[in-house]
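Visitor: I should be grateful for a close look at one part of this structure, with its packing and its buried residues described in some detail. Please begin with a pair of packed helices and work outward from there.

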Amino acid sequence: MCGIVAYIGSRDATPVLLEGLQRLEYRGYDSAGLAVVASGGLKVRKTTGKVRELEAGIPRRFKGSPGIGHTRWATHGVPSDTNAHPHLDGAGQVAIVHNGIIENATELRAQLESEGVTLVSETDSEVLAHLIARAGRPDLEDSVADALNLVEGTYGLAVIDSRQPDRVVVARNGSPLILGIGDKEMLAASDVTALVRFTRQVVHLEDGEMAVLRADGYRTSTLDHRPITRAPSTVEQGQASYGLDGHAHYLHKEIHEQPEAVARALSGRLDRRFSTAHLGGLGLDARDVAGIRRIKLLGCGSAYFAGRLGASLIEGLARIPADAESASEFRYRNPVVEPDALYVAISQSGETADTIAAVRELKRKGARVLGIVNVVGSTVARECDGGIYLHAGPEISVASTKTFTSTGVALALLALYLGRIRDLGPAEGRRIIDALSEFPDQIRRVLDTEADIAGVANRFNQSADMLFIGRVSGYPIAEEGAQKLKEISYIHAEAYAAPELKHGPLALIGPEVPTVAVVPDDALYPKNLSSLAEIRARRGPVIAVTSRSDIPDVEATLLVPRSEPELAPLLLGIPLQLFAYHVANSLGRDIDQPRNLAKSVTVE
Ligand code: G6P
């Protein structure tokens, strides 16, 4: 699961590739490399570590075009200089970069070795370079097609050959690949973020397709050589900024962007006249909605937690039975797909392999699937029947913050829309609309308390373990809070439904194990106080996240403004993001690129 980028044109490819790699680094980052075609043949540099380490080792004479680059997140073979991409054939003429997994790599390696080919790395990807060289056809694209016909698995692939410097060949199957059309230059990458600095005109390849890029244009076809025409689309990035804008980390920047991100998610979608939501992209009319008997939300990681929150919003406001499941589990259990169920796939990137697989399985079984997606034109967005775009702007830091909150808001809009077609009265609809309208400002007020939150984070940053608890819609917020803390600070954090404490985890409680409690001011408030009393009785320190300033006997309170019960849990999630950030920052962690993780998990 990696990032790839390719360039052909009159410029020197090296700086273009390095810039593209920097943009892609959040996808994976244990090693990086690039190759360019120069007059004397291929020039290749690769290294373990980050793109800036690659850049530091590149000599000034390292120039050429076309070129390909890669940032790696290891699946097969440890991170090492040899396992880093690009991979070359034995003669050093063909270079490839690959994102995905070649499933029959073991057999292909054995076959190549029996023919006398020496493979130098432990990767599954290297076989591609040798297979392409072995095909030996006059045109590189034909060699690539021959090689890919032998391969089982997934790939986003870019290939150059020093003997054919007029072209780059790219192909896609199961891993994203997007072409960028410049002025007498062409690019390709696994994510538009690597392209937007150079062009806004893009073409999304579909699975089973390849393209030949030349400086003055491109040709797309299927792997079996049937030409296809794909019209370019224009990437709308608005005012999106890819820089740090004065923040120390992208995570910090993205936490602070939430008021604007939420305002964009709401923009044009609140219908005060009918006390409902305008969601033009859903493609569901009132009759469709009346026929829905069940809703299932699917996603991975933070998207799954947001889905759990969404399920309780939908049940609460629309009274439609709803539940969420992790897409990675759903896809493997041969799920029963009901004809009157609505499925909602949630994915910030729209490229998470498990979520895409779940969508495809559902579509194959005839289900209606909506997508809640941030990246416009991504695979989930394209393959769903309709959906809601978040418009949160690019999220670079691996840990999700603004897209989690925006997804929660999108799901509240969906719940409102469904509710107003079912049994939710106009006064109730208005109450939700008013709460949503105030939401960006309430987030701002939480962000203003950052110094207090940082103070609490510094008091607890030496803990080895923390528990996070919440009830009903507070529970997914506790789960997301625990996830943020563990992924960026590496402190062990576990979330539990508060009533479950006494069924096991209470055994862990003591002065050394702080509990972060999500305590909305709602009907369950007295029940939450009882849970806190159970913890205090075992001398466990409590950090309460709440809009109530009068919770007795707690070590610290992270205070938020009061909000309607439907939105309160989402607001309580904001201090937990800042808490995790400041704990991680005080421990000097690599906040934007935590170890072993990648933002966009495009492999199984
Ligand atoms: C990865 C990321 C998580 C993210 C999940 C789903 O695991 O590290 O932060 O929540 O993927 O990503 P998606 O793009 O589908 O929302």
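Guide: In this predicted model, helix 14 (residues 426-447) packs with helix 18 (residues 568-586) at an angle of about 30 degrees, and their axes lie 10 Å apart. An angle under 35 degrees counts as roughly parallel, and helix 14 and helix 18 are therefore described as roughly parallel to each other. Their crossing is right-handed. On the side of helix 14, the residues that meet the partner are Phe 439, Gln 442, Ile 443, Val 446 and Leu 447; on the side of helix 18, they are Leu 570, Leu 571, Ile 574, Pro 575 and Leu 578. Classified by residue type, this contact has 9 nonpolar residues, 1 polar residue and no charged residue.

A residue of another helix touches members of this pair. Gln 258 belongs to helix 7 (residues 258-266). Among the residues in contact with Gln 258 are Ile 443, Ile 574 and Gln 577; Ile 443 of helix 14 and Ile 574 of helix 18 also take part in the packing just described. The side chain of Gln 258 forms a polar contact of 2.7 Å with the side chain of Gln 577. Thr 401, Lys 402 and Thr 405 are also among the residues that Gln 258 touches. Its relative accessibility is 0%, so Gln 258 counts as buried.

A further buried residue with a polar side-chain contact is Ser 397. Ser 397 is located in the loop between strand 22 (386-389) and helix 13 (402-421). With a relative accessibility of 0%, Ser 397 counts as buried. Its side chain makes a polar contact of 2.9 Å with the side chain of Asp 592. Beyond its neighbours within four places in sequence, Ser 397 is in contact with Tyr 250, Leu 251, Glu 254, Ile 591, Asp 592 and Lys 599.

For a second helix pair, one may turn to helix 4 (residues 126-135) and helix 5 (residues 140-149), which pack at an angle of about 120 degrees with their axes 8 Å apart. Helix 4 and helix 5 are therefore oblique to each other. Helix 4 passes helix 5 in a right-handed crossing. Helix 4 contributes Leu 128, Leu 131, Ile 132 and Ala 135 to the contact, while helix 5 contributes Leu 140, Ser 143, Val 144, Asp 146, Ala 147 and Leu 148. By class, the residues of this contact are 8 nonpolar, 1 polar and 1 charged.

Helix 4 is mostly covered, with 7 of its 10 residues buried. The buried residues are Glu 126, Val 127, Leu 128, Ala 129, His 130, Leu 131 and Ile 132. Their covering includes helix 5, helix 3 (105-114), strand 5 (87-88), strand 6 (94-99) and strand 7 (155-161). After helix 4 comes Gly 136, which has a positive phi near 55 degrees.

Finally, Leu 17 offers a view of helix 1 (residues 13-24), in which it is placed. Leu 17 has a relative accessible area of 0% and is buried. Not counting residues up to four places away in sequence, Leu 17 touches Val 5, Ala 6, Tyr 7, Leu 34, Ala 35, Val 36, Gly 67, Ile 68 and Gly 69. Of these contacts, Gly 67 is 50 residues from Leu 17 in sequence, and their C-alpha atoms are 7.4 Å apart.

How values were computed. Residues numbered from 1 in each chain as written. Predicted model: local features only at pLDDT ≥ 70, side-chain atom pairs only at ≥ 80, totals over all residues. Heavy atoms only, no water. Axes fitted to C-alpha atoms, helices over the stretch in contact; angles between N-to-C directions. Helix = DSSP H or I, 4+ residues; strand = E, 2+ residues; numbered from the N terminus. Parallel < 35°, antiparallel > 145°, perpendicular 65-115°, else oblique. Left-handed = near helix turned anticlockwise from the far one by under 90°. Contact = heavy atoms within 4.5 Å. Nonpolar A, V, L, I, M, F, W, Y, C, P; charged D, E, K, R; others polar. Buried < 20%, exposed > 50% of the residue type's maximum accessible area, 1.4 Å probe, protein only. Polar contact = N/O pair within 3.5 Å; in protein donor to acceptor, adjacent residues only side chain to side chain.
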